[in-house]
Amino acid sequence: MKRLLTTLLVVISLGLCAVCIVQWQREDRLRGHIQDLVKRLEAENTLRIEAERKVREYEKEIARLTELRAEVEARLVEVSREYKDLSADSVARGITIAIYMRELRQLQHGLEATQLAFGKGADAIKSHNSVVTTQNSAMEKQNELLKQLVEERNDAISKLNARTREFNELVEKYNKLAKSR
């Protein structure tokens with residue numbers, strides 16, 4: 001019987017060894033699976049952190065672009081208003097120039113009529129010369145005023161062109177920025 005118990009003890013010991021080996025293998029697989037899950041969790045956390053960082057960057061960029069857009073729209077409104085003002089001023093100056101030109105023609109016709117009316121006599125000529133001198137000085141004043149108005153109109157158009165050029169550059173910058181985003 002002693003031999004049977006020893007044999008039974010050996011078999012039970014071997015059975016226990018087999019159970020331990022099976023448990024070790026199972027534990028090893030579980031540890032491997034746990035390590036794989038930990039690695040996947042770390043990778044997902046890294047991806048989540050990177051995604052959150054990108055979200056913050058995109059929010060900052062959206063805020064910056066929104067501010068830039070507001071500035072561009074404000075500048076557009078300002079330039080449009082200036083353009084309307086300059087256009088209205090240019091039209092008004094054109095009307096003024098037309099009025100002065102009509103007055104100049106009337107004075108020239110009056111001068112011709114005066115020359116014909118006072119053509120007979122020295123007194124008439126002297127009187128006519130004084131009228132002509134007065135008309136000439138008036139025409140010179142009108143010509144100077146006309147030149148001044150033309151220069152002011154040219155300056156206003158130059159300013160308008162400069163503003164339009166600035167606006168176009170600003171729009172190009174905005175479009176490039178919008179395309180790059």
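**Exercise 1.** Is I12 buried, partly exposed or exposed, and what is its relative accessible area?

*Solution.* Begin with the source: this is a predicted model, in which local features need pLDDT of at least 70, side-chain atom pairs count only at pLDDT 80 or more, and totals for chains use all residues. Residues are numbered from 1 along each chain as its sequence is written, and side-chain values use heavy atoms, with hydrogens and water left out. Next, recall the classes: buried means under 20% relative accessible area, exposed means over 50%, and partly exposed lies in between, with a 1.4 Å probe and protein chains only. I12 has a relative accessible area of 44%, so this residue is partly exposed.

**Exercise 2.** State how many helices and strands the protein chain has, and place I12 among them.

*Solution.* Helices (H or I, at least four residues) and strands (E, at least two) are DSSP runs, numbered from the N terminus. The protein chain has 2 helices and 0 strands, and I12 is found in helix α1, which covers residues 2-117.

**Exercise 3.** Decide whether C17 and C20 form a disulfide, and describe their exposure.

*Solution.* A disulfide is a pair of cysteine sulfur atoms within 2.5 Å, and by this rule the count comes to 0. C17 is in no disulfide, since its nearest cysteine sulfur, that of C20, is 6.3 Å away. For C20, likewise in no disulfide, the nearest cysteine sulfur is that of C17, at 6.3 Å. C17 is partly exposed at a relative accessible area of 42%, and C20 is partly exposed at 35%.
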